[in-house]
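Here are my comments, set out as numbered points. Please read them with the structure open.

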Amino acid sequence: MKAPEIRADDTIEVHLAELTATLHGPARLKTQMVDELREGLLDTARELSPDTEPGRDAARQAIRQFGTVAEIAPSFQHELTITQARHTARTVMMIVPCVLVCWYLVELATRAAGHRLLDLLQVTVAHLGVLAALTALLAAVCLSITGTLARRLPLPQRLPLVVAWTGTTAAVALGLSALTLITAAVLATNWPLIAAACLITIAFHTRIAASARACRHCARLPVTAP
């Protein structure tokens, strides 16, 4: 009795599952890349078996033409890493100014109510604000480099890692600021306002930290520039 032939799409799906497990980065882009590869592999397998339903041999030939997981994963990962770096840089660039405005409004409201934060707390928040502002500026530069300028200039190999640590630095600055604001809320009379600013800072800290962690993981994976 002849064994049933393994269909081409089964072999291709195994190949794509291995590739998907190897890649790391934005889920939407990864899914799109894998879907496009699937279509290309199936079309090639059909061309190799025009008269019959493409089987395992045709699928293997198609995979060899496109490249094994070890061969194509680095170039795919390069695109995912750049996209994750841009996402992290954009997150830092958009969130940090919002947090700084929030802190400024809290300071104005505190003074308008006739209160004043302790000098040590004011100095601490000011220094952390400067550090956060610098990370936002660096993130904007990195976003420009990985955008329009990337089409004209070679992309620095370590840039995604720089973006990752920029995000980490911003997250640390926001985390320390949250602790400072908690202390200020305990000591201040108008603690609800400061507590609200603290909660906003913690939420933004969590978002930046998660994006920076993902970027740092992607930046450490082997890539091949296209």
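1. Is aspartate 43 buried, partly exposed or exposed? Aspartate 43 has a relative accessible area of 41% and is partly exposed, since the partly exposed class covers values from 20% up to 50%. Please keep in mind here and below that the model is predicted.

2. The partner of aspartate 43 is arginine 46: the two form a salt bridge in which the closest N and O atoms are 3.0 Å apart. Both residues belong to helix α2 and sit three residues apart, so about one helical turn separates them. Arginine 46 is also partly exposed, its relative accessible area being 45%.

3. On the overall fold, the chain contains seven helices and zero strands. Read from the N terminus, the order of elements is α-α-α-α-α-α-α. The chain has 226 residues, of which 42% count as buried.

4. How many salt bridges does the structure hold? There are three. In general, side chains of opposite charge can pair when their charged atoms come close. The bridge between arginine 46 and aspartate 43 was covered above; the others involve arginine 38, which pairs with glutamate 13 and with aspartate 35.

5. Glutamate 13 and arginine 38 meet through their side chains, with an N to O distance of 2.5 Å. Glutamate 13 is in helix α1 (residues 8-22) and arginine 38 is in helix α2, so this salt bridge ties together parts that are 25 residues apart in sequence. With a relative accessibility of 33%, glutamate 13 falls in the partly exposed class. Arginine 38, at 22%, is partly exposed as well; the cut-off for buried is under 20%.

6. In the salt bridge between aspartate 35 and arginine 38, the closest N and O atoms are 2.7 Å apart. Here both residues lie in helix α2, with a spacing of three residues, or about one turn of the helix. Aspartate 35 has 33% relative accessibility and therefore counts as partly exposed.

7. Which residues are joined into one network by salt bridges that share partners? They are Glu13, Asp35 and Arg38. Arginine 38 takes part in both bridges, one to glutamate 13 and one to aspartate 35.

8. Helix packing deserves its own point. Two packed helices are described by the angle between their axes and the distance between the axes. For helix α2 (residues 27-48) and helix α3 (residues 56-66), the axes come within 8 Å and cross at roughly 125°. The two helices are therefore oblique to each other, because 125° lies outside the ranges for roughly parallel, roughly antiparallel and roughly perpendicular. The crossing of α2 past α3 is right-handed.

9. The surface also carries a nonpolar patch of about 510 Å², made by Val130, Leu134, Leu137, Leu138, Val141 and Val162. Which helix supplies the largest share of this patch? Helix α5 (residues 119-145) does, with five residues. Valine 141, one of the patch residues, lies in helix α5. At 41% relative accessibility, valine 141 counts as partly exposed, and this value is over the 30% that a residue needs to be part of a patch.

Note on methods
Residues are numbered from 1 along each chain as its sequence is written. This is a predicted model: local features need pLDDT of at least 70, side-chain atom pairs count only at pLDDT 80 or more; totals for chains, interfaces and linings use all residues. Side-chain values use heavy atoms; hydrogens and water are left out. Patches are made of residues with over 30% relative accessible area and no salt bridge: like charges are joined within 9 Å, nonpolar side chains (Val, Leu, Ile, Met, Phe, Trp, Tyr) within 5 Å. Accessible areas come from the Shrake-Rupley method with a 1.4 Å probe; for residues, only the protein chains shown count as cover. A salt bridge is a side-chain nitrogen of Lys or Arg within 4 Å of a carboxyl oxygen of Asp or Glu. Helices (H or I, at least four residues) and strands (E, at least two) are DSSP runs, numbered from the N terminus. Buried means under 20% relative accessible area, exposed over 50%, partly exposed in between (1.4 Å probe, protein chains only). Axes are lines fitted to C-alpha atoms, for helices over the stretch in contact, and angles run from 0 to 180 degrees between N-to-C directions. Angles under 35 degrees count as roughly parallel, over 145 as roughly antiparallel, 65 to 115 as roughly perpendicular and the rest as oblique. A crossing is left-handed if the near helix is turned anticlockwise from the far one by less than a right angle, and right-handed if clockwise.
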